[in-house]
Amino acid sequence: MARVQPTDERPLDGRTVVVTRAAAQAQRFTQLLEAAGARVLEAPAIVIAPPPSWEPLDSALAAVETFTWVIFTSVNGVAMVDRRLAARGLPWSALGGRRVAAIGPATADALAEHGVRPDVVPGEYRAEGLVERLRTVVTPADRVLLPRAAQTRDVLVTELRRLGAHVDEVPAYTTRRAEAGAARLREALAAGTIDAVTFTSSSTARNFAELFSEDERRAWLSRVTVASIGPITAATAAEYGMTTDVMPGEYTIPALAKALADYFARVPRAKRRGRGEPSEGAPTQKRGRGEPSEGAPPQRRP
């Protein structure tokens, strides 16, 4: 069957794009890609799940008045805190008097839905950017509550403690690999019907890659464009031999969708670039705003 020819308004017409976000978070990204003409194959690489125990988070929320700061590093953290506040019969106003920080605009928007306006949102949407913003406002007298994913990068905790703050890091959720749909995804990649695979966190890149053997990845990588939301995710993908072709300057979901559309608008439809040729999209490393956290950030493979 002949592919639909793309237009300026729908540069992804005829393209099939894999979205690896958790199912509960994929809708907005899928809508943006479909608006650009893409056929989207949702293949969640991660599942967001409760932590092994709610007790640490519940205890922290019960004593929230003892904290100076509450720092949110993902939309998932906001959702899980909301869940536990409701379970304890507490309103979000229980955080009144606490200073609040959010790692990026999506997290800030999630807080705004509960009537919370963050005091700090960095211009670089990752832990390093958040630390830079907090350096001038966090003091050794401060106590910080950090509800986030279990087994997360320790950059934020380490740097806040270097500032002298007391940091209570509590697991608000966990991420695990999603296995459902792996067979369908493997068939589509083997058949060459996938044009691009997108990664929105290190955990999506890692878990996606580990669904396949190295031989399987080599077999389809030359035919597939890899799009990563930011340099941390791109670095994790690279550990598995997946070189990032597309990365936006602002590391957000709308920017990633636009960068992918712009990339394919420039690439001739008949051209299938080998991995050894220069990329026509964004470089594999690029300075800009940091990426939002969805799950556990990169860890080196043993």
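This report describes a predicted model of a protein chain, from its overall make-up to single residues.

## Overall make-up

The protein chain has 302 residues, and 52% of them count as buried. Its secondary structure comes to 11 helices and 9 strands.

Contacts can also be sorted by how far apart the partners sit along the sequence. Taking the contacts with a separation of 6 or more, 71% are between residues 24 or more positions apart. Several of the residues described below have such partners, including Ala-178, whose C-alpha atom is 4.8 Å from that of Ile-46, 132 residues away along the chain.

## Helix H8 and its cover

Helix H8 spans residues 202–209 and is mostly covered, with 8 of its 8 residues buried. The buried residues are Ser-202, Ser-203, Thr-204, Ala-205, Arg-206, Asn-207, Phe-208 and Ala-209. The list therefore includes Arg-206, which counts as buried although Arg is classed as charged.

What covers these residues? Strands S3, S7 and S8 (196–199) are among the elements over the buried residues of H8, and so are helices H7, H9 (214–221) and H10 (231–239).

## Aromatic residues

The structure holds 6 aromatic pairs. One of them joins Phe-212 and Trp-220: the ring centres are 5.6 Å apart and the planes stand at 75 degrees, so the pair is edge-to-face. An angle over 60 degrees is what earns that label. Phe-212 is buried, at 7% relative accessible area, and Trp-220 is buried too, at 4%.

Phe-212 and Trp-220 also belong to an aromatic cluster with Phe-199 and Phe-208. Phe-208 is one of the buried residues of helix H8. Elsewhere, a ring has a charged side chain as its partner: Arg-143 lies over the face of Phe-67, at 4.2 Å from the ring centre.

## The second largest pocket

The second largest pocket has about 240 Å³ of space. Strand S3 (46–49) and helix H3 (75–87) are the elements that give two or more residues to its lining. The largest share comes from H3, with 5 residues.

In total, 16 residues line this pocket, and those nearest its centre are Ala-24, Gln-25, Ile-48, Asn-76 and Ala-79. By type, the lining divides into 12 nonpolar, 3 polar and 1 charged.

## Ala-178, in a loop

Ala-178 sits in the loop between strand S7 (166–177) and helix H7 (182–191). Is this residue buried or exposed? Its relative accessibility is 8%, so Ala-178 counts as buried, the limit being under 20%.

Beyond its neighbours within four places in sequence, Ala-178 is in contact with Pro-44, Ala-45, Ile-46, Val-47 and Leu-211. S7 and H7, the elements on either side of this loop, are both among those that cover the buried residues of H8.

## Two residues of helix H4

Pro-105 and Leu-111 are both found in helix H4, which covers residues 105–112. Pro-105 has 30% relative accessibility and so counts as partly exposed. Leu-111, in contrast, is buried, with a relative accessible area of 0%.

Which residues does each of them touch? With residues up to four places away in sequence left out, Pro-105 touches Val-121, Tyr-125 and Thr-252. Thr-252 is 147 residues from Pro-105 along the chain, and the two C-alpha atoms are separated by 8.5 Å. For Leu-111, leaving aside neighbours within four places, the contacts are Phe-72, Val-78, Trp-92, Val-100, Ala-102, Val-116 and Pro-118. The C-alpha atom of Leu-111 is 9.5 Å from that of Asp-82, 29 residues apart along the chain.

## Leu-160, in helix H6

Leu-160 is part of helix H6, residues 155–162. At 0% relative accessibility, Leu-160 counts as buried.

Not counting residues up to four places away in sequence, Leu-160 touches Ile-71, Leu-134, Val-138, Val-144, Ala-165 and Val-167. Of these partners, Val-138 is 22 residues from Leu-160 along the chain, with 7.9 Å between the C-alpha atoms.

Key: Residues numbered from 1 in each chain as written. Predicted model: local features only at pLDDT ≥ 70, side-chain atom pairs only at ≥ 80, totals over all residues. Heavy atoms only, no water. Helix = DSSP H or I, 4+ residues; strand = E, 2+ residues; numbered from the N terminus. Buried < 20%, exposed > 50% of the residue type's maximum accessible area, 1.4 Å probe, protein only. Contact = heavy atoms within 4.5 Å. Phe/Tyr/Trp six-rings, centres within 6.5 Å; stacked < 30°, edge-to-face > 60°. Lys NZ or Arg CZ within 6 Å of the ring centre and 35° of its normal. 1 Å grid on protein atoms, 1.4 Å probe; cavity = no way out; pocket = protein on both sides within 12 Å on 5 of 7 lines; lining within 4 Å. Points joined across faces, edges and corners; volume = space filled by probe spheres on them.
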